[in-house]
Amino acid sequence: MPKKRRERSCSTAKCGCKAHMSILHDKWSGKWKVTDFDEKHNHPLVTPCKRTKMPSNRKMPKAVKDLTEVFHSEKIEITKVPSIFGGEIIGFDSRDCYNHLRNVRHKKLDRGDAQSVLDYFKNKQAENPQFFYALQCDEDGRAVNFFWVDARSRMAYEYFGDVVTFDTTYRTNKYEMPFAPFTGVNHHYQSIQFGCALLQDETEVSFVWLFKTWLAAMGGRPPNCILTDQDLGMKGAIAQVFPNTRHRLCLWHIKKKFVEKLSQVYYKRSKFKKDMKKCIKGTYKKEDFEDRWMSMMKEYDLESNQWLQGLFDIRESWAPVYNRATFFAGMNTTGRSEGINAFFDGYVSHSSNLQEFVLGYEKALKRIVKRENDEDYETEHKSRIVKDHEFLLMDAQKLMKKDDELEKFEVTLDSQTYEGKCECQYFEFVGILCVHMLKVLFIKDIDQIPEHFILPRWRQKANKFRKIDSQGLVHDDGKDESEALRLSHMCQQGTKLACLAAPSNECYTIFMEGINALFEKIEKVRNLPPIQVCDESRVGNDKSTEPSASQVLLLDPHISQTKGRKKDVKEKATTTQSKRLKSGMEMSLNKNKRTCRVCFKVGHDKRTCPSNPMSKANKATALQEDGEGSNGDVEEEELEGSHCDEEEEEGSY
């Protein structure tokens with residue numbers, strides 16, 4: 001018995017119209033002949049003005065397809081494309097644009113999302129050997145952790161890698177994987193990137209792998225200081241990988257917990273909040289901080305509070321008075337990392353897959369580089385209007401306009417060497433002279449700021465090429481890590497030399513002659529075939545066998561199960577977006593809790609209720625199942641709705 005053909009689900013039905021025309025090709029005469037024709041229709045005919053709505057007349061020109069892809073990459077509303085080209089007239093609408101993007105996305109991911117990212121990383125590294133990446137897989141060959149850093153970020157770390165902030169609160173991607181950027185500050189006090197990662201979880205094991213990988217990418221030089229939130233996994237990994245790095249906790253996260261842990265005191269009409277602020281930020285001696293803390297505990301009857309006692313025991317890791325003698329570029333919090341998260345919102349969304357996220361990150365980096373270049377131009381070609389020989393006077397006048405300054409600090413200054421120190425330790429913490437030291441220099445009739453008070457990282461051309469200490473890279477110890485570091489060092493030096501030689505034809509000729517001479521010398525020393533460099537298998541537990549054309553090597557990662565999130569897989573399957581975790585303070589202040597009209601439970605409404613078959617989550621699940629079972633076009637209303645959701649989640653920096 002023949003298998004019954006499955007009927008396609010369609011909103012229209014056939015009417016049995018017999019109108020047709022048959023054409024036959026005569027191979028002897030080479031002509032086409034009409035053999036049968038019936039012009040009788042049993043239905044109204046489509047008018048010429050509506051013929052573009054017929055499937056046979058719908059088409060998208062190549063220019064429209066290209067513009068649709070550009071709009072999508074730039075996060076511009078796709079529904080604007082038909083209005084630009086007059087789509088209703090030439091035969092396409094917004095649904096065709098969305099379907100084209102779907103086809104492009106499927107074509108790019110024909111070998112899998114994670115495998116597409118791996119191929120992209122390999123292409124980037126082929127373009128520039130200084131591009132560094134590492135992947136980690138589980139036993140089943142499924143991607144777990146991703147790390148990558150471009151050449152410019154690696155170079156920037158050499159100049160500004162003394163202080164780094166690290167944060168993993170951003171999870172705006174399809175797999176809800178925590179985004180872990182390494183953020184610093186440049187000579188314009190702008191946030192810059194030193195690489196990033198997408199992690200499967202936030203365990204100490206993952207952080208150890210990430211920090212070791214990042215350290216190898218940065219040439220084996222750890223940062224002097226690092227700021228993170230109060231995470232035990234980060235703390236253990238930093239102590240293991242960066243034992244000599246000063247680890248400091250984010251002050252904002254510490255202060256936020258005062259509201260949650262001490263709400264009974266914080267919301268009363270007392271001066272506890274003011275006293276605590278003065279104790280944390282208004283003390284410049286360790287003895288003063290400890291005395292004020294103890295007096296506050298006694299005054300507000302908090303001596304038996306275990307949370308405060310534990311916080312006091314680790315005071316050296318968060319209290320400003322214990323960190324003012326260390327250079328932190330003026331940073332007390334991880335706000336720069338969280339600001340970078342908001343910066344990326346304009347390039348990625350909650351539905352972004354891995355490849356889209358990586359491409360969005362690259363576009364965000366270009367914007368960061370543009371901001372730095374704009375500031376370089378401003379500082380190099382524009383100067384403030386000041387009178388001759390009065391730079392220090394004009395600078396001091398701008399900085400010392402506060403007449404209500406009550407704090408007094410002791411300043412010591414050597415009259416011979418002009419070396420000095422202020423009790424406020426602003427220079428040690430920020431790297432810029434404080435108003436107190438400037439006042440003393442002004443009183444001493446010193447017209448110029450002493451050279452030792454101007455740090456190289458704050459100078460105008462601080463991001464220009466520097467000499468790198470190559471000691472420790474010239475010896476051959478047989479380790480792959482040393483080979484990778486030597487390769488990175490040589491690429492950096494070669495790039496610097498090429499940039500110096502490029503503006504002049506004469507310098508270019510000298511450069512090429514030197515390169516040819518180096519080739520001859522190196523070939524005489526080593527008679528070995530070329531070595532494949534920068535293989536991803538050299539870092540972590542990576543699996544790096546090359547995939548064949550018909551085999552998918554790297555499987556897509558699972559939906560991330562991060563800390564503080566529900567472990568119910570079924571409940572996570574109904575979630576279409578990853579949302580920001582609310583603090584205890586926010587939840588306690590939210591008195592008017594919404595109740596669902598379908599299941600009468602708190603925490604959601606009927607639009608997102610799992611029990612409602614017409615909810616957004618169930619619609620998305622049904623849409624996904626239909627897409628897997630058939631190749632039909634996606635309905636316009638559903639696509640437009642998901643696109644609007646993406647736009648609502650996007651923000652601006």
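Let's start with aromatic rings: this predicted model holds 32 aromatic pairs. I'd like to walk you through two of them.

Take Tyr157 and Phe194. Their ring centres sit 5.4 Å apart and their planes meet at 85°, so this pair counts as edge-to-face. Where do the two residues lie in the chain? Tyr157 belongs to helix 6, residues 151–160, while Phe194 belongs to strand 7, residues 191–198, so the pair ties together parts that are 37 residues apart in sequence. And are they buried or exposed? Tyr157 is buried, with a relative accessible area of 0%, and Phe194 is buried with a value of 0%.

The second pair is Phe166 with Phe207. Here the centres are 6.0 Å apart and the planes are at 80°, so this pair is edge-to-face as well. Phe166 comes from strand 5, residues 163–166, and Phe207 from helix 7, residues 204–217, so the pair ties together parts that are 41 residues apart in sequence. Phe166 is buried, at 0% relative accessible area, and Phe207 counts as buried at 0%.

Rings can also gather in groups. One aromatic cluster is formed by Tyr120, Phe121, Phe131, Tyr133, Trp148, Tyr170, Phe179, Phe357 and Tyr361. If you have the structure open, do pick those out.

Keep Phe131 from that cluster in mind, since it brings us to Asp150. You'll find Asp150 in the loop between strand 4, residues 143–149, and helix 6. Helix 6 is the one that carries Tyr157. Which residues does Asp150 touch, leaving aside those up to four places away in sequence? They are Gln130, Phe131 and Leu365. There is also Phe132, which is 18 residues from Asp150 along the chain; the C-alpha atoms of the two are separated by 6.4 Å. As for accessibility, Asp150 counts as partly exposed, at 21%. The cut-off helps here: buried means under 20%, so Asp150 falls in the partly exposed class.

Now to charges. Side chains of opposite charge can pair when their charged atoms come close. How many salt bridges does this model have? The count comes to eleven, and I'll show you three.

One joins Lys33 and Asp26, with the closest N and O atoms 3.2 Å apart. Lys33 is partly exposed, with a relative accessible area of 44%.

Another joins Asp275 and Lys271, where the closest N and O atoms are 2.9 Å apart. The two partners fall in separate accessibility classes: Asp275 counts as buried at 19%, whereas Lys271 counts as partly exposed at 43%.

My third one is Glu423 with Lys285, the closest N and O atoms being 3.3 Å apart. This pair links distant parts of the chain, 138 residues apart. Glu423 is in the loop between strand 11, residues 420–422, and helix 17, residues 426–430. Lys285 is in the loop between helix 11, residues 272–281, and helix 12. Glu423 is partly exposed, with a relative accessible area of 25%, and Lys285 counts as partly exposed at 40%.

Some salt bridges share partners, and that joins Lys271, Asp275 and Glu299 into one network.

Let's stay with helix 12 for a moment. Helix 12 covers residues 286–299, and it packs with helix 13, residues 306–313. Two packed helices are described by the angle between their axes and the distance between the axes. What are those values for this pair? The angle is about 175°, and the axes are 12 Å apart. That makes helix 12 roughly antiparallel to helix 13.

Which side chains should you look for at this contact? Helix 12 contributes Phe289, Glu290, Trp293, Met294 and Met297, and helix 13 contributes Leu308, Leu311 and Phe312. By kind, the residues of this contact divide into seven nonpolar, no polar and one charged.

Finally, let's step back to the protein chain as a whole. It has 24 helices and eleven strands. Of its 653 residues, buried ones make up 38%. And how much of the contact pattern is long-range in sequence terms? Among contacts with a separation of 6 or more, 65% come from residues 24 or more positions apart. The ring pair of Phe166 and Phe207, 41 residues apart, is a nice one to look at with that in mind, and so is the salt bridge partnership of Glu423 and Lys285, at 138 residues apart.

Terms used:
Residues numbered from 1 in each chain as written. Predicted model: local features only at pLDDT ≥ 70, side-chain atom pairs only at ≥ 80, totals over all residues. Heavy atoms only, no water. Axes fitted to C-alpha atoms, helices over the stretch in contact; angles between N-to-C directions. Helix = DSSP H or I, 4+ residues; strand = E, 2+ residues; numbered from the N terminus. Parallel < 35°, antiparallel > 145°, perpendicular 65-115°, else oblique. Contact = heavy atoms within 4.5 Å. Nonpolar A, V, L, I, M, F, W, Y, C, P; charged D, E, K, R; others polar. Salt bridge = Lys/Arg side-chain N within 4 Å of Asp/Glu carboxyl O. Buried < 20%, exposed > 50% of the residue type's maximum accessible area, 1.4 Å probe, protein only. Phe/Tyr/Trp six-rings, centres within 6.5 Å; stacked < 30°, edge-to-face > 60°.
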